[in-house]
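Reader: I'd like to go through this model with you, starting with how its helices pack. Can you take my questions one by one?

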Amino acid sequence: MTTPVLRSRLPHVGTTIFTEMSQLAAEQGAVNLGQGFPDFACDPKLIGLVDEAMRAGHNQYPVMTGVPALRAAIAAKIAALYGRSYDANSEITVTSGASQAIQTAILSSVHPGDEVIVIEPAYDCYAPAIALSGGVVAPVAMRVGSEGYSVPWDAVAAAVTPRTRMIVVNSPHNPTGSILRAADLDALAAIVEGTDILILSDEVYEHMVFDGQRHESLSRHPRLAERAFVISSFGKTYHVTGWKVGYVAAPAAMMVEFRKVHQYNVFTVNTPMQHGIAAYMADPAPYLGLPAFYQAKRDLFRAGLAGSRFELLPADGTYFQCVRYGAISDLPEAQFAKWLTREAKVAAIPVSAFYGQPTESGVVRFCFAKKDETLHKALETLSQL
């Protein structure tokens, strides 16, 4: 019997660093501040609304584009927060989390040979989706200094070629915790003006912006919104990452193409959870209160490291804190993260893992979306290194 030869569509992709570090943390009995998920429960009211939806019989396929009530609630939220009116029927689609939305947006828009500008460090699902579409990643590295990470828009402009099809932006930014400001959006708009370049805007941490600053959604910028897939996630917003429910907003012509792919890679999304989330969104307080909730955790974590040998980089958004560790070790980032997990019993993620080509900057990322007692336990050892 001949064994078939399987040619990988993603030959350079292995187990993610998140899986690797979480497994090591479990083996070592370490506090896991690596993978980005909360260790606390969501609002019981949300669970109750999902339970009510199940008992009411909402357990069969919903329409492919998402439960109408949820799409209407999403459109209303975007209009209230960012001032853009998306049509709930033709410009909003509910997705199986943000990662599926990202992949679908890329697969629906990027053709073989097209170039996609990705600003690094970058969340690790962008490049594989581009590869599956036959596209080519054109990486542009962020600048990092004592004031943190920033996007070099001159380098982004220089990376644009006649083959550029899309630019991927992410704010608040994973892994760096940086945010885009109004001037950044104006710079991006100037780059794409007069072109057919599309934009994918990953905004899953939209409600985690701190110190009184505001989230600059691309929905807020008319010239950018007209060419952008704007993506967010209820998993991040409502502390239910395992539910995998997100959404994308885009102009109708772009959404037509998006839905062509969406209907064949997932077709539709968990019905009772959509109904439950739609009902829960009637009260905006949970997401309006999120900045203060996570800022308190960020401040607790930063205060606990203030006297340590870690150098804290700015954390304007997300639930991640990046630190330089040069005063503690000269190990490469991946080795330092493993050493930290084994010796200090705290897991982190090396920022070098967020680059297509290994790029060392002596920075690791901690997740502070944890119970206060979890953070205190981690700080006991981190502050003593």
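Author: Sure, and α2 and α11 make a good start: these two helices are oblique to each other. On the terms, helices (H or I, at least four residues) and strands (E, at least two) are DSSP runs numbered from the N terminus. For angles, under 35 degrees counts as roughly parallel, over 145 as roughly antiparallel, 65 to 115 as roughly perpendicular and the rest as oblique.

Reader: Before we go on, what kind of model is this, and how are its residues numbered?
Author: It's a predicted model, where local features need pLDDT of at least 70, side-chain atom pairs count only at pLDDT 80 or more, and totals for chains, interfaces and linings use all residues. Side-chain values use heavy atoms, with hydrogens and water left out, and residues are numbered from 1 along each chain as its sequence is written.

Reader: At roughly what angle do the axes of α2 and α11 cross?
Author: Axes here are lines fitted to C-alpha atoms, for helices over the stretch in contact, and angles run from 0 to 180 degrees between N-to-C directions. The axes of α2 (residues 44–55) and α11 (residues 271–280) come within 8 Å, and they cross at roughly 130 degrees.

Reader: Which residues of α2 make the contact with α11?
Author: Contact means heavy atoms within 4.5 Å. On the α11 side you'll find Pro272, Met273, His275, Gly276, Ile277, Ala279 and Tyr280, and facing them from α2 are Lys45, Leu46, Leu49, Val50, Ala53 and Met54.

Reader: How do the residues of that α2 and α11 contact divide by class?
Author: Ala, Val, Leu, Ile, Met, Phe, Trp, Tyr, Cys and Pro count as nonpolar, Asp, Glu, Lys and Arg as charged, and the others, Gly among them, as polar. With that scheme, the contact of α2 with α11 comes to 1 charged, 2 polar and 10 nonpolar residues.

Reader: Why do α1 and α14 count as roughly parallel?
Author: Helix α1 (residues 17–28) and helix α14 (residues 333–344) have axes that come within 9 Å. Those axes cross at roughly 20 degrees, so α1 and α14 are roughly parallel to each other.

Reader: And which residues of α14 does α1 meet?
Author: From α1, the residues involved are Glu20, Met21, Leu24, Ala25 and Gln28. Their partners in α14 are Ala337, Lys338, Thr341 and Arg342.

Reader: Now for voids: about how much space lies in the largest cavity?
Author: On a 1 Å grid over the protein atoms alone, a cavity is a set of points where a 1.4 Å probe fits but cannot get out, a pocket is an open set with protein on both sides within 12 Å along at least five of seven lines, and lining residues have an atom within 4 Å of a point. Grid points are joined across faces, edges and corners, and a volume is the space filled by probe spheres set on the points. The whole structure has 2 cavities of 30 Å³ or more, and the largest holds about 50 Å³.

Reader: Which element gives the largest share of that cavity's lining?
Author: The lining includes Ile78, Tyr82, Val230, Ile231 and Ser232. Two elements, α3 (68–82) and β9 (228–233), give two or more residues to it. The largest share, 3 residues, comes from β9.

Reader: How many charged residues line the second largest cavity?
Author: This cavity holds about 40 Å³, and among its lining residues are Tyr123, Val168, Asn170 and His173. By class the lining has 7 nonpolar and 3 polar residues, and the charged count is none.

Reader: Which strand gives the most to the lining of the second largest pocket?
Author: That pocket has about 230 Å³ of space, and of its 18 lining residues the closest to the centre are Met142, Tyr149, Ser150, Ser178 and Ile179. Both β7 and β6 (148–150) supply at least two residues. The top contributor, with 3 residues, is β6.

Reader: Any backbone oddities? Which peptide bond has omega near -10 degrees?
Author: Most peptide bonds are trans. In the loop between β7 and α7 (182–192) sits proline 172, and proline 175 is found in the loop between β7 and α7 too. A cis bond with omega about 20 degrees joins asparagine 174 and proline 175, while the cis bond with omega near -10 degrees runs from serine 171 to proline 172.
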